[in-house]
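Me: Please go through the structure shown below and justify the descriptive terms applied to it.

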Number of protein chains: 2
Amino acid sequence: MMVSVLADRVKNLGGENAFLVAAEARKLTDAGRIVYPFHLGDFGCSEPENIQNACDLAHKEGKTGYCNKSGIEPLKEAVAEYSGKRRNLTITPDMVSITAGGKPVIAFTLLALMNPGDRVCYPNPGYPIYESWINYLGGVPVPYSYKETSDGFKIDLEQLVDSIDREKPKVVVINNYQNPTASVLSPEEMQAIADICIMNNAFVLSDEAYEEIRYDNTPFRSIASLPGMQERTMILFSFSKTWAMTGERVGAGIGPKPEGPQSVIGHLNELNVNVYSCVNQSAQWAALEAITGNQDGARNILARLKASRDATYGALSNLRDVGVVVHLPPSTFYQWADVTEPMRRMGIADYDAFWKKVLSDTGVAFCPRSHFGKPLPGEERKYARFSFSGITPEDSVKGIEKLGEYLRRF
Amino acid sequence: MMVSVLADRVKNLGGENAFLVAAEARKLTDAGRIVYPFHLGDFGCSEPENIQNACDLAHKEGKTGYCNKSGIEPLKEAVAEYSGKRRNLTITPDMVSITAGGKPVIAFTLLALMNPGDRVCYPNPGYPIYESWINYLGGVPVPYSYKETSDGFKIDLEQLVDSIDREKPKVVVINNYQNPTASVLSPEEMQAIADICIMNNAFVLSDEAYEEIRYDNTPFRSIASLPGMQERTMILFSFSKTWAMTGERVGAGIGPKPEGPQSVIGHLNELNVNVYSCVNQSAQWAALEAITGNQDGARNILARLKASRDATYGALSNLRDVGVVVHLPPSTFYQWADVTEPMRRMGIADYDAFWKKVLSDTGVAFCPRSHFGKPLPGEERKYARFSFSGITPEDSVKGIEKLGEYLRRF
């Protein structure tokens, strides 16, 4: 018997369905089946040894107690220096709030800024947690999308600019190096977004979790670096991707300089203390080693990802005969594949039926487009995300070849 | 320039002022002063070595990735078995949600149950985070209090029962082994609270963080064990106190069996994934060792606490001549001291002025009553909390003797 009626907001919370696919995949592996794990944004390798050792040393040095709600001072200093230098910005430690992974920056920034009824622009397809929090907090989700071009996915700039102009959102979520499309903003697109945000006094939540996961020679760019933007931008910084530290749960919010008793970054600190007191202390010392220590680990991670990207892209390109369309992802560890034709061949219109049947019949686990926000009205093409961070190039090719053989049977 | 106006809720969030005292205390130590740290609920010792080693081993075994939103399965099983056995209840792993310390259970349970305007009963003086979340979520805080008796602090049962009957709260927060009064519920008091909650269909959030920090021979008791209570109680379980793991941030919510797609424990899991994905994985393996491994560490921690308690109580008892009144704390690591007379002697009525002046003049750092909720109308006596978990018996005596000499000057 359920004694208590749940709060109204409960029904509005979304989730991360990649974990659903993971649960189904685990059932298969438990039953002795081979699974090709293209579903989760996690790594097939451990975090670098020097980072593990720093965590171990912190324990041995007795650093096992609570620490400051905003994070240990040396880590805040390191994040400020590292991220400031890369963005050509002056960032001071009081502009940094260490959080339990980058993810809390989404919830905490929206809690700091959004009243019920406020509009928030966010990418769709995109990381599902944006939409989840906007709905949970009683906001009005205003999605913007991406367009497929011969050269990959480009932000629908016209749609975004029009939305901001018309809807006057309180917050605009930008995810350059985008999950799931791997889209990278051009300098011109970034400037246009900055202009329209400034003109409409919108605050920007810039999710830069994939800042180091880039495969071409274009320089790293952050919207916070553009004139007039730092004072209205919260940067989501993550240790998870660059240093394969997903399980450590360390990230940071980097926001405008706090000048009054209340500020967005100050509210992040207060939510840290109200939700979980502080971030795991030894993991913070590990993060300090990650950012200031030997970078061979990060370089190896990127090299591994590049090899898996090339293999995954190559293998999926070979599925052109069954209608799979892919573009080489310039960033992130996701291949956003057009699977309209494979779904048509299989006679399946429903995304959930699609991933479940393919997983069950072939062991190939991936996330369909519907896991990245509610499909938008008028959306005609069907997509799926193949994550290549947790799979070797060899296994990627094997899995995708198996998928091709399977699709050819329809 | 602050670009964006913060959300209305921001002004309603409280905090944990023990961290303010910590910041002031740090300034003194940085200036070379001796500080007697009675302010923070943290330990002067590291977590036991076997627990540290388990964390290290998890890293070496490559357990550095994401895990299930509800926690790693072996830990959920261990928490279910351990906590079920101690409460004479059947607890299954699906009733357990591993959280980043026990603290998220407060926020997440209230998020799951409270609509704006809902009433919540909670202890005041009490852990300030209850009041903070009730206000933040737009609820109506209904405080209940404790009465000083010749034998220590007793819950004001009449007040609590009347409040529940009159206010029909959605949630009642119970903190047996109470921070800051160290009060322990008698079986009769516990039954009376259970009866009135059942009669008024109130859900109970039972903060049992200090379950193992007991110094007398009365058995551990949980309100969830009483008939009709398990189905309406969320237990806040913490690794922080029993095993001195404060910096690891591992705890759990243990709730009614989920029987529909939506349940309080299910919502805790969803909030885990929406706020921080999952709890630091290596810390979860460390917690598994804590609960299933050698318990010498926990026994040593309790023995150390008992020695500090005896020293602190003894030394404060010697300040009777300046009007300090104390009772031997039967649980927790807090000495709730009546400081009405010392404040009168010093000519200070304001709590903040009091702790700041004493800290600055003597190095004795403690938290005043005002850090444990807004003082209630009609409250005549003044109190302060001396935490003895982070101080040796010798230093405790030294600090309190210094405090005594200081107070005698007024």
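The exchange that follows sets computed values against the definitions behind each term.

Me: On what basis are the residues, chains and values reported?
Reply: This is a predicted model, in which local features need pLDDT of at least 70 and side-chain atom pairs count only at pLDDT 80 or more, while totals for chains, interfaces and linings use all residues. Residues are numbered from 1 along each chain as its sequence is written, chains are lettered from A and ligands numbered from 1 in the order in which they are written, and side-chain values use heavy atoms, with hydrogens and water left out.

Me: Why is H2(A) called roughly antiparallel to H2(B)?
Reply: The axes of helix H2 (residues 49-60) of chain A and helix H2 (residues 49-60) of chain B come within 10 Å and cross at roughly 175°. That crossing makes H2(A) roughly antiparallel to H2(B), because angles over 145 degrees count as roughly antiparallel, whereas those under 35 are roughly parallel, 65 to 115 roughly perpendicular and the rest oblique. Axes here are lines fitted to C-alpha atoms, for helices over the stretch in contact, and angles run from 0 to 180 degrees between N-to-C directions. Helices (H or I, at least four residues) and strands (E, at least two) are DSSP runs, numbered from the N terminus.

Me: Which residues of H2(A) and H2(B) meet, and what is their division by class?
Reply: Gln52(A), Asn53(A), Cys55(A), Asp56(A), His59(A) and Lys60(A) meet Gln52(B), Asn53(B), Cys55(B), Asp56(B), His59(B) and Lys60(B), where contact means heavy atoms within 4.5 Å. The residues of this contact divide into 2 nonpolar, 6 polar and 4 charged. Under these classes, Ala, Val, Leu, Ile, Met, Phe, Trp, Tyr, Cys and Pro count as nonpolar, Asp, Glu, Lys and Arg as charged, and the others, Gly among them, as polar.

Me: What makes the largest pocket a pocket rather than a cavity?
Reply: On a 1 Å grid over the protein atoms alone, a cavity is a set of points where a 1.4 Å probe fits but cannot get out, whereas a pocket is an open set with protein on both sides within 12 Å along at least five of seven lines. The space in the largest pocket is about 730 Å³; a volume is the space filled by probe spheres set on the grid points, which are joined across faces, edges and corners.

Me: Which residues line the largest pocket?
Reply: The lining holds 29 residues, of which Arg26(A), Leu40(A), Asp42(A), Tyr66(B) and Cys67(B) lie nearest the centre of the pocket; a lining residue has an atom within 4 Å of a point. Helix H1 (18-30) of chain A, with helix H3 (73-87) and helix H9 (281-292) of chain B, each supply at least two lining residues. The largest share, 5 residues, comes from H1(A). By class, the lining has 14 nonpolar, 11 polar and 4 charged residues.

Me: Why is Val96(B) called buried?
Reply: Val96(B) has a relative accessible area of 1%, and buried means under 20%, exposed over 50% and partly exposed in between (1.4 Å probe, protein chains only). Val96(B) is therefore buried. This residue is found in strand S2 (residues 96-99) of chain B. Beyond four places in sequence, its contacts include Ser70(B), Lys76(B), Ile91(B) and Ile265(B).

Me: How do you know that Asn88(B) is exposed?
Reply: The relative accessible area of Asn88(B) is 72%, so Asn88(B) is exposed. Asn88(B) is found in the loop between H3 and S2 of chain B. Phi of Asn88(B) is near 55°, a positive value in a residue other than glycine.

Me: What makes the phi of Ser277(A) worth reporting?
Reply: Phi of Ser277(A) is near 70°, a positive value in a residue other than glycine. Most residues other than glycine have a negative phi, and most peptide bonds are trans. Ser277(A) lies in the loop between helix H8 (264-275) and helix H9 (281-292) of chain A, and at 2% relative accessibility counts as buried.

Me: Where are cis peptide bonds found?
Reply: One joins Asn179(A) and Pro180(A), with omega about 15°. Another joins Asn179(B) and Pro180(B), with omega about 15°. Pro180(A) is in the loop between strand S7 (171-174) and helix H7 (187-199) of chain A.

Me: Is His371(B) buried or exposed?
Reply: His371(B) has a relative accessible area of 4% and is therefore buried. Among its contacts beyond four places in sequence are Asn17(B), Pro128(B) and Trp355(B).
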